[in-house]
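Work through the exercises below with the model open in your viewer. Try each task before reading its solution.

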Amino acid sequence: MIGLFLVLLVSYGNSFDNDWHFDDHANITENRNVHLKTLNWEDIRESFSFQGKISRPVSYLSFALNHYWDGLNVFGYHLVNFAIHFLAAVFLFLLIYRTLSLPSLRDRYGPYALSLSFLSTLFWATSPLQVTAVTIIVQRMASMAGLLYLMTMYFYLRGRTAEGKIQGYVFFCLAFLAAVLSVGTKENTAIIPVTLFLYEL
């Protein structure tokens, strides 16, 4: 994980002072709802709204907390974006590793599970396709939805393979919570049930 963190830091570290771009303005710099100044419930609830209606409340709350922390200083926003991407990579690694270690796959992939998981994660995390999701601030909506999506799948897998009922229930509850938060981050993650069905197949 340390190696992965360092690779990502080298890959994305020069983006931490990038200015606002494109939809950043409408969603953050010009969106007074996310200009959080106090942590009272009324202000927090207001941050859930965009253009007069509740929309992607988890995403907008994260922007509001960033604003509460340090106003419109881009560094903090980029730091959170980077942390989200790194955590997504960690959960992807864990998901792949645990999948390849399942009884039905262990004999074939077990000896290579660690290296396959690390290389797959490294290629995914450093792919040019990830650049905008990490470096353009408003694209946190996509990267955070991806993180929560991966967390849902990982916790589901842990629940399916748990040895005790209580442990299984805990992981299933975590999977459900992550799924709800992911939909509250970006609506396209509502296909999670389909993904889990295909994963079972």
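## Exercise 1: One residue in a helix

L148 sits in helix α9. The model is a predicted one.

**Task.** Decide whether L148 is buried or exposed, and list what it touches beyond its sequence neighbours.

**Solution.**
- Step 1. Take the relative accessibility of L148, which is 9%.
- Step 2. The cut-off for buried is under 20%. L148 therefore counts as buried.
- Step 3. Leave out residues up to four places away in sequence; L148 then touches A178, L181, S182 and T185.
- Step 4. Check a pair that is distant along the chain. L148 and L87 are 61 residues apart in sequence, and their C-alpha atoms are 9.7 Å apart in space.

## Exercise 2: α9 against α10

**Task.** Describe how α9 and α10 pack: what are the angle, the axis distance and the residues in contact?

**Solution.**
- Step 1. Two packed helices are described by the angle between their axes and the distance between the axes.
- Step 2. For α9 and α10, the angle is about 160 degrees and the axes are 8 Å apart.
- Step 3. Angles over 145 degrees count as roughly antiparallel. So α9 and α10 are roughly antiparallel to each other.
- Step 4. The handedness comes next: α9 passes α10 in a left-handed crossing.
- Step 5. On the α9 side, the contact is made by A145, L148, Y149, M151, T152, F155, Y156, R158, G159 and R160. On the α10 side, it is made by Q167, G168, F171, F172, L174, A175, A178, A179, L181 and S182.
- Step 6. Sort the contact residues by type: 13 are nonpolar, 5 polar and 2 charged.

## Exercise 3: α9 against α11

**Task.** Repeat the analysis for α9 (residues 140-160) and α11 (residues 192-200): how do their axes cross?

**Solution.**
- Step 1. The axes of α9 and α11 come within 11 Å and cross at roughly 45 degrees.
- Step 2. That angle makes α9 oblique to α11.
- Step 3. The crossing of α9 past α11 is right-handed.
- Step 4. α9 contributes Y149, T152, M153, Y156, L157 and R160 to the contact, and α11 contributes I192, T195, L196, Y199 and E200.
- Step 5. By type, the contact of α9 with α11 holds 7 nonpolar, 2 polar and 2 charged residues.

## Exercise 4: α4 against α9

**Task.** Give the packing angle and the contact residues of α4 and α9.

**Solution.**
- Step 1. Helix α4 (residues 57-70) packs with α9 at an angle of about 115 degrees, with the axes 10 Å apart.
- Step 2. The crossing of α4 and α9 is right-handed.
- Step 3. V58, S59, Y60, S62, F63 and N66 of α4 meet R140, M141 and M144 of α9.
- Step 4. The contact of α4 with α9 divides into 5 nonpolar, 3 polar and 1 charged.

## Exercise 5: The nonpolar cores

**Task.** Find which residues of the largest nonpolar core touch the most other members, and which helix gives the most to this core.

**Solution.**
- Step 1. The largest nonpolar core has 23 residues; F91, L147, L150, M151 and F155 touch the most other members.
- Step 2. α5 (74-100), α9, α10 (165-183) and α11 each supply at least two residues of this core.
- Step 3. α9 gives the most to this core, with 11 residues.
- Step 4. Follow one of the residues from step 1. Leaving aside neighbours within four places in sequence, L150 is in contact with A88, F91, L92 and L95.
- Step 5. A second, separate core has 16 residues, including I44, V74, V138 and M141.

## Exercise 6: Positive phi in two loops

**Task.** Locate F22 and R56, and state how exposed each one is.

**Solution.**
- Step 1. Most residues other than glycine have a negative phi.
- Step 2. F22 has a positive phi, near 45 degrees, and is not a glycine. R56, also not a glycine, has a positive phi of about 45 degrees.
- Step 3. F22 lies in the loop between α1 (2-12) and α2 (24-29). R56 lies in the loop between β2 (53-54) and α4.
- Step 4. F22 has a relative accessible area of 67%, so F22 is exposed. R56 has 23%, so R56 is partly exposed.

Conventions: Residues numbered from 1 in each chain as written. Predicted model: local features only at pLDDT ≥ 70, side-chain atom pairs only at ≥ 80, totals over all residues. Heavy atoms only, no water. Axes fitted to C-alpha atoms, helices over the stretch in contact; angles between N-to-C directions. Helix = DSSP H or I, 4+ residues; strand = E, 2+ residues; numbered from the N terminus. Parallel < 35°, antiparallel > 145°, perpendicular 65-115°, else oblique. Left-handed = near helix turned anticlockwise from the far one by under 90°. Contact = heavy atoms within 4.5 Å. Nonpolar A, V, L, I, M, F, W, Y, C, P; charged D, E, K, R; others polar. Core = buried A, V, L, I, M, F, W, Y, C linked by side-chain atoms within 4.5 Å. Buried < 20%, exposed > 50% of the residue type's maximum accessible area, 1.4 Å probe, protein only.
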